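Here is a short set of exercises to work through at your own pace, with the model open beside you. Try each task before you read its solution.

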Amino acid sequence: MSTGEENYSRMVQALDTLAMVFLDPQGRIASWNAGAERIFGYAAADIVGQPFESLQTPESCAAGLPEQALKAARDDGRDEETGWHQGKHGQRVWARTILEAVRDRAGKLEGYAYLVRDIPWPHQSDDMLGSNEQQFSLLVQGVRDYAIYLLDPDGHVASWNAGAQRIKGYRADEVLGKHFSHFYADEDAKAGKPARNLAVARTQGVYEGEGWRRRKDGSLFFAHVVIDRLTDDTGRVVGFAKITRDVTEKKRAEEELAVAREALFQSQKSESIGQLTGGVAHDFNNLLMAVMGNLELLRKWLPPAARPQQLLDNAMAGAQRGAALTQRMLAFARRQELHPRPVDVPLLVHGMADLIRRSLGPEIRIGTSFPLQLPRILIDPNQLELALLNLAVNGRDAMPQGGRLEIGARSEWAGEGHSTALPHGEYVCLWVADEGHGMDPDTVRRATEPFFTTKGVGKGTGLGLSMAYGLAEQSGGRLLLQSQPGRGTTVEIWLPVAAATSDATAVAEASEDIDAPMHAGEPLSLLVVDDDELVLLSTMAMAEDLGHAVHAVRSAEEALAYVDAKGEVDVVITDQAMPGITGIRLAKLLRDRDPGLPIVLASGYAELPGAPAMELVRLGKPFTRRELHRAIADAAGQLGVAERAG
């Protein structure tokens, strides 16, 4: 070697500002200078003879970038890159590199010259943004509401702003050089989403999406992400600009809104079904009214032989079952007429224990759980018994191989944020729990709909649970349903505690003898009003059978015209649901003409605004001949027909 060559070699070896490395034709490191040792941390003895890939990041090697660089240098003579490299102990180095093929005069490849210059990270974006954009860089660094940072072509973090540190929790020195997949949730990273997102940005120019990301402390946040491709003047991809915004609160608000919308939808659906069910029950009541009324009258004309009487009893039993069905439908629609009174729940349950045991059969073990002291609740006891029996039968059907069914209760104060969302106050929670097959969430959501059932054809009406739901709502309480597949079902009925002042009323109502014999009173002149001809004729026939004179009309307008024409009227019996003028409105117009006129209001609905204030006698549909007799007697005695006649 000449003296000049020796001097040049010593100069290259001593140069520590630039790595000057020679590679043999196979890409192995053949020489190493002081600059290479400073930049990469390796002494010459540790690195000479190692492959070119030793200076590249694992991600670059996995993507085949070292082989591509060597090939580009061989084919094109030169390859230039700016990106991350890897030194001793895995340290990351951001550097500009030039790889040139070295050939002899005959063109034979002798190796490669590899020049590396490390670049401090604040200036690493020059190749992407240009050195004249320092003001823009300062602006980006100061933004705190958005994480804005650069990625190299392989997805390694190349810059970091204040917003990125605030949102993700990392300082710049902790994250520079790391692959951006480090910020993804584990399941997304394992599914390959980072690589796919970067590929979309590389091929389409931009990727935009949302997903869960991970902070330094391991917590997750929901992010809106944009990745923009950055290219140089030749169209070569030099990196990516990544913008991340924390939208966790927005997502939480959207989820809460979706829950509220679903609750509103379910409420509106239940209300719509309730209105439809109530309308069907009203029409069905009218049909049953005609059937039951005429069957009662027919009994007087049948011969006393056993066979005709048995057939009549069967027909009446069928009609009464239909009436019970309409009561369940009205219960769901919250339109049934209730007679609430203070009820001792343990006493009521123990009183119907034999009925429950006979209904469930020997394969079901029945248990109870009541505290020593439990406040009374205000509810219609007959309807509560029916609801409990229906729930017990549902529990039995859920345990075809047998099992345990428990009925219990507890008192609890409902305050702010209570699971029932009931008004503040003291309530009794009455529950029925089984060990059956349970229900999935979709079935639970639909369980209180009328006619919805998971039982086979002919094994249930689908009204038991909906009737209990309607009873709870109409009684000022709530029905809650808890169930999981394979873990049984618990139905909770929350009902308000009865006030002490209700006891006297309950005793008075309990003392009424509803089975007292019907005594023929003074014949009266009745005005019967109903738009349904079948009901009108049935009511007229029963009233005439009771000895009264009846004038029947089919509308409120006809009734008013009859009264205005001085027609004889002692008591008015009117339907409530009539087109045009309702029964309550008709009663008001009649009382305006004659304040002392006795009026009976017939309806299957419970809520009739204005009826109590007008002191109208209520008559529930469908009604029997005895119930009609009692209503007429109550109305006549309430305002004094004899006094009006005098």
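**Exercise 1. Two rings in the interior**

Task: Are W32 and F40 buried or exposed, and how are their rings arranged?

Solution. Step 1: W32 is buried, and F40 is buried too; buried means under 20% relative accessible area, exposed over 50% and partly exposed in between, with a 1.4 Å probe and protein chains only.

Step 2: A pair of aromatic rings is described by the distance of the centres and the angle of the planes. Rings of Phe, Tyr and Trp (its six-membered ring) pair if their centres lie within 6.5 Å; planes under 30 degrees apart count as stacked, over 60 as edge-to-face and the rest as tilted.

Step 3: The structure holds nine aromatic pairs. W32 and F40 form one of them, with 6.0 Å centre to centre and 45° between the planes, and this pair is tilted. Elsewhere, ring pairs link Y149, W160, Y170 and F183 into a cluster.

Before going on, a word on the model: it is predicted, with local features needing pLDDT of at least 70 and side-chain atom pairs counting only at pLDDT 80 or more, while totals for chains, interfaces and linings use all residues. Residues are numbered from 1 along each chain as its sequence is written, and side-chain values use heavy atoms, leaving out hydrogens and water.

**Exercise 2. The chain as a whole**

Task: How many helices and strands are in the chain, and what percentage of its residues is buried?

Solution. Step 1: Count 24 helices and 21 strands. Helices (H or I, at least four residues) and strands (E, at least two) are DSSP runs, numbered from the N terminus.

Step 2: Of the 646 residues in the chain, 44% are buried.

Step 3: Now take contacts, meaning heavy atoms within 4.5 Å. Among those between residues at least 6 apart in sequence, 60% join residues at least 24 apart.

**Exercise 3. The two sides of helix 11**

Task: Which residues of helix 11 are buried, and which exposed residues are on the face turned away from them?

Solution. Step 1: Helix 11 spans residues 193-204, which is 12 residues. Its first and last C-alpha are 16 Å apart, close to the 16 Å expected at 1.5 Å a residue; the expected span is 1.5 Å times one less than the number of residues.

Step 2: The buried residues are P194, N197, L198 and A201. They sit on the same side of helix 11 because they cover an arc of only 95° around the axis, the arc being that of the directions from the helix axis to the C-beta atoms. An α-helix has 3.6 residues a turn, so residues three or four places apart point the same way.

Step 3: Turn to the opposite face, where A195, T203 and Q204 are exposed.

Step 4: The cover over the buried residues includes strand 6 (147-151), helix 10 (186-190), strand 7 (206-214), strand 8 (220-231) and strand 9 (237-246). Just after helix 11 comes G205, with a positive phi of about 100°.

**Exercise 4. An antiparallel sheet**

Task: What is the strand order in the open sheet of four strands, and which strands are its edges?

Solution. Step 1: The order is 6-9-8-7, with antiparallel pairing; two strands pair if DSSP finds at least two bridges between them.

Step 2: Strand 6 and strand 7 are the edge strands, each pairing on one side only. Neighbouring strands of this sheet are turned by 25° against each other on average, direction ignored. Axes here are lines fitted to C-alpha atoms, for helices over the stretch in contact, and angles run from 0 to 180 degrees between N-to-C directions.

Step 3: Look at strand 8 and strand 9, which pair over nine bridges. H224 has R245 in strand 9 as its bridge partner.

**Exercise 5. A parallel sheet and its helices**

Task: Which strands are the edges of the open sheet of five strands, and where does helix 20 pack?

Solution. Step 1: The order is 18-17-19-20-21, with parallel pairing. The edges are strand 18 and strand 21 (617-620).

Step 2: Five bridges join strand 17 to strand 18, and V529 stands opposite V553 in strand 18.

Step 3: Helix 20 (residues 533-545) packs on the sheet, touching strand 17 and strand 18, and its direction makes about 170° with that of strand 18. Helix 22 also packs on the sheet, touching strand 17, strand 19 (571-575) and strand 20 (599-603).
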